[in-house]
Amino acid sequence: MLPEHAEQVLAIYQAGIDGGDATFETTAPTWEAFDAGRLPGHRLVAVDQEGRVLGWAAVVPVSDRCAYAGVLEHSVYVHPDAQGRGVGVALLQALLASTDAAGIWTVQSGIFPENTASLALHAKAGFRVVGTRERLGRHNGRWRDVVLVERRSPVIS
């Protein structure tokens with residue numbers, strides 16, 4: 001993911017936000033805020049032959065405490081026109097290869113239970129459901145549950 005992808009990455013993020021079941025966020029951040037908040041070593045985009053961004057994946061640290069140095073939270077978003085074509089799986093597999101190589105032992109995410117496509121994608125990529133955090137936060141005027149999923153690296157012991 002490079003600065004030249006910024007506009008398309010943020011548009012895909014906003015499309016996910018607008019769908020209502022991807023995040024608690026209500027608007028995509030500026031590129032500067034997005035860039036500052038994601039770890040530079042694990043940012044990916046999927047592009048087509050014309051260079052259009054089809055989707056993206058990125059991570060943030062779960063905590064700044066040293067005990068959690070190998071635990072990251074990720075996001076993966078796919079352009080609505082590219083959904084169902086394997087873009088999400090490819091991004092997630094590439095992200096996991098990147099985090100495994102970097103010694104990351106846990107990659108996690110919180111997913112709204114209504115986002116069945118994301119839950120299926122994560123199951124396919126080897127994530128397990130840890131549990132459901134009930135009424136974790138308010139989103140568009142209503143309480144939302146969040147399913148916590150994680151994938152433990154098979155190469156880190």
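Here are some exercises with worked solutions on this predicted model.

**Exercise 1. Work out how the chain is built from helices and strands, and how its residues pack.**

Start with a tally: the chain has four helices and six strands. Next, put them in order. Read along the sequence, they follow the pattern α-α-β-β-β-α-β-α-β-β.

Now turn to size. The C-alpha atoms fill a box of roughly 40 × 40 × 30 Å along the principal axes. What radius of gyration would a compact globule of 157 residues have? The expected value is near 15 Å, and the chain has 15 Å, so the two agree.

Then look at how far apart in sequence the touching residues are. Take the contacts with a separation of 6 or more: 59% of them join residues 24 or more positions apart.

**Exercise 2. Describe the surface and the charges of the chain.**

First, the inside: 41% of the 157 residues count as buried. Second, the outside: the accessible surface comes to about 8600 Å², and carbon and sulfur atoms hold 51% of that.

Third, the charges. There are 14 positive and 17 negative side chains. Take the centre of each set, and you'll find the two centres 8 Å apart.

**Exercise 3. Find R43 and decide whether it is buried or exposed, then list what its side chain reaches.**

Step one is the location: R43 sits in the loop between α2 (31–37) and β1 (44–47). Step two is the accessibility. The cut-off for buried is under 20% relative accessible area. R43 has 12%, so it counts as buried.

Step three is the polar partners of the side chain. One of its polar atoms lies 2.7 Å from the backbone oxygen of R38. The R43 side chain also reaches the backbone oxygen of L39, at 3.3 Å.

Step four is the wider surroundings. Set aside the neighbours within four places in sequence, and R43 is in contact with M1, W31, D35, R38, A57 and A58.

**Exercise 4. Stay in that loop and look at P40.**

P40 is also placed in the loop between α2 and β1. How open is P40 to its surroundings? Exposed means over 50% relative accessible area, and P40 has 67%, so it is exposed.

Now check P40 against the start of the chain. P40 and M1 are 39 residues apart in sequence, yet their C-alpha atoms are 8.7 Å apart in space.

**Exercise 5. Take A33 and a residue well along the sequence, and compare the two kinds of distance.**

A33 belongs to helix α2. Its relative accessible area is 42%, so A33 is partly exposed. For the partner, pick H122: A33 and H122 are 89 residues apart in sequence and 26 Å apart in space, C-alpha to C-alpha.

**Exercise 6. Look at the phi angles of R135 and N140, then place both residues.**

Begin with R135. Its phi is near 45°, a positive value in a residue other than glycine. You'll find R135 in strand β5 (residues 128–139). With 51% relative accessibility, R135 counts as exposed.

Move on to N140. This residue isn't a glycine, but its phi is positive too, at about 50°. Where does N140 sit? N140 is in the loop between β5 and β6 (142–152). Its relative accessible area is 63%, so N140 is exposed.

Methods:
Residues are numbered from 1 along each chain as its sequence is written. This is a predicted model: local features need pLDDT of at least 70, side-chain atom pairs count only at pLDDT 80 or more; totals for chains, interfaces and linings use all residues. Side-chain values use heavy atoms; hydrogens and water are left out. Buried means under 20% relative accessible area, exposed over 50%, partly exposed in between (1.4 Å probe, protein chains only). A polar contact is a pair of N or O atoms within 3.5 Å; within protein, one must be able to donate a hydrogen and the other to accept it, and residues adjacent in sequence count only if both atoms are side-chain atoms. Contact means heavy atoms within 4.5 Å. The radius of gyration is taken over C-alpha atoms; the globule rule is 2.2 Å times the number of residues to the power 0.38. Accessible areas come from the Shrake-Rupley method with a 1.4 Å probe; for residues, only the protein chains shown count as cover. Lys and Arg count as positive and Asp and Glu as negative; His and the chain ends are not counted. The place of a charge is taken as NZ of Lys, CZ of Arg, CG of Asp or CD of Glu.
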